[in-house]
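Colleague: Before I rely on the terms in your annotation, I should like to see how each was reached. Please show the structure and take me through the reasoning.

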Amino acid sequence: MSELPLPFSIHSIEDWQAQLQSELLEKSHLLKYVNDIEELEFSITDLDGPQIPLNFNSPTNWKNLLKVSANEEKKTNQLLLDALMQGAEAVIIEHASRQTDWKILLNDIQTAYIDCMIIFNDDDSMQHFKNNASEDAQKHCKVLYQYGEEQNYFSSFKINQVGANCATELGSLILHIHRVLELQSSSESHIHGYTFFLELGLGAEYLVEIAKFTAIRKLIEQLSIIHQMKIEIKLIATTGFCNKSLHDPYTNLLRQTTESMSGVIGATDYLCVQPYDALSTNGTSEFAQRMALNIGNLLQFEAKLDQTKTLLFGSYVIGKLTQELIEKSWEMLCDLDEENTDSIEQLKSRIVHTRSIRLAKFEDKKLLLTGINCFENEFEIPPNSWGNLPTEIGLPFLIFEKTMQDA
């Protein structure tokens with residue numbers, strides 16, 4: 001058998017490129033990747049161009065994460081207990097304050113056996129936790145500081161949700177980390193290194209979102225070299241609301257699934273699928289919460305994505321997108337970090353520009369969202385609408401269905 005010839009001939013890359021040009025004819029423009037929202041452009045047949053080699057060779061062992069508020073402790077506690085029985089493997093608790101009753105909130109939560117992370121925004125709420133939480137909770141809960149020189153939690157989720165593209169989201173995130181590292185460089189703790197928890201939003205651009213998660217690891221490596229510090233990171237991938245629908249709810253399951261796959265394939269450490277109706281006037285429904293957890297369960301237990309190795313190995317497009325995002329976000333870091341630069345205003349200007357492109361494409365139906373601006377749902381559903389939206393740097397979250405609701 002070993003002496004039999006191959007049943008096909010081996011062609012060169014040049015032959016392949018020529019054949020593509022020949023077969024596509026007037027559609028040869030498809031050989032060029034162009035994305036004006038992401039401001040990315042390159043030839044998909046230019047295999048000799050610079051790109052980041054992708055050689056991950058380990059399973060993407062992420063954990064299904066639930067994000068909850070420290071408000072309404074009894075209700076939150078029941079939510080945590082239910083979610084942990086339904087597949088949640090980690091939790092993040094937000095909005096901790098001096099009024100939080102930690103004994104009620106963490107009642108029966110086995111913090112020794114799950115990743116329980118608490119975000120603190122000031123010293124008072126942190127001290128209140130130390131004085132009032134159980135000894136077990138203090139021992140096992142991970143403390144995430146979102147303030148001061150000890151900051152170890154950074155999030156670009158809200159920047160993502162107000163309309164930033166991937167390069168702007170990455171650029172704003174590493175700028176924030178860079179400036180905190182400048183403060184921390186004067187302390188002795190950097191000798192032992194840091195573990196940073198980084199939360200990124202998940203958008204709809206499937207391949208670009210995968211590349212965003214591969215790019216952030218390379219960017220942090222570069223920052224660690226510049227600051228001469230050992231930095232380990234834990235990535236949190238969080239789905240948002242921009243393309244979600246209250247009037248055609250089942251479409252959200254598909255959108256959340258593809259977004260989740262971007263985070264998982266990009267090797268996130270935690271996957272947080274938020275209920276699609278969390279920002280609605282009715283609030284999160286039990287169904288939406290259950291379905292959000294089930295997406296992570298299906299990707300783990302049925303799609304087996306937590307056991308699959310080398311998902312990205314040899315992917316030219318992801319490598320190229322990663323390279324492009326690294327270059328653009330690093331250039332942004334350098335621009336915004338210059339002396340006397342008003343980084344907030346420049347960041348806002350970039351986002352407003354991208355946001356306007358998104359809205360124009362949506363209004364002109366160059367961006368089609370099933371159930372929102374095309375193929376609208378004709379079946380009866382319980383009445384619901386988007387409530388008052390969170391804001392970031394003076395901009396409200398961009399939710400396409402909300403713009404139609406307000407029109």
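The exchange below concerns a predicted model and the grounds for several of its labels.

Colleague: What makes strand S5 largely enclosed by the rest of the structure?

Modeller: Buried requires under 20% relative accessible area. In S5, residues 115-120, 6 of the 6 residues are buried, so the strand is largely enclosed by the rest of the structure.

Colleague: Which residues of S5 cover each side?

Modeller: Asp115, Met117 and Ile119 lie on one side, and Cys116, Ile118 and Phe120 on the other. These residues are all buried, and both faces of S5 are thus covered.

Colleague: Why is S5 said to pair with strand S4?

Modeller: Pairing needs at least two bridges. S4, residues 90-94, is joined to S5 by 4 bridges, and the two strands run parallel; Ile93 stands opposite Ile118.

Colleague: What supports the pairing of S5 and S6?

Modeller: S6, residues 142-145, pairs with S5 in the parallel sense over 4 bridges, whereas at least two are required. Phe120 has Tyr145 of S6 as its bridge partner.

Colleague: Why is Glu73, in helix H2, listed without a salt bridge?

Modeller: A salt bridge must fall within 4 Å. The nearest side chain of opposite charge, Lys74, is 11 Å away, and therefore buried Glu73 has no salt bridge.

Colleague: Which backbone atom lies 2.9 Å from a polar atom of the Glu73 side chain?

Modeller: That atom is the backbone nitrogen of Asp101, and the cut-off for a polar contact is 3.5 Å. Residues that Glu73 touches include Gln99, Thr100, Ile104 and Leu105.

Definitions and conventions: Residues are numbered from 1 along each chain as its sequence is written. This is a predicted model: local features need pLDDT of at least 70, side-chain atom pairs count only at pLDDT 80 or more; totals for chains, interfaces and linings use all residues. Side-chain values use heavy atoms; hydrogens and water are left out. Buried means under 20% relative accessible area, exposed over 50%, partly exposed in between (1.4 Å probe, protein chains only). Lys and Arg count as positive and Asp and Glu as negative; His and the chain ends are not counted. A polar contact is a pair of N or O atoms within 3.5 Å; within protein, one must be able to donate a hydrogen and the other to accept it, and residues adjacent in sequence count only if both atoms are side-chain atoms. Contact means heavy atoms within 4.5 Å. Lists of a residue's contacts leave out its neighbours within four places in sequence.
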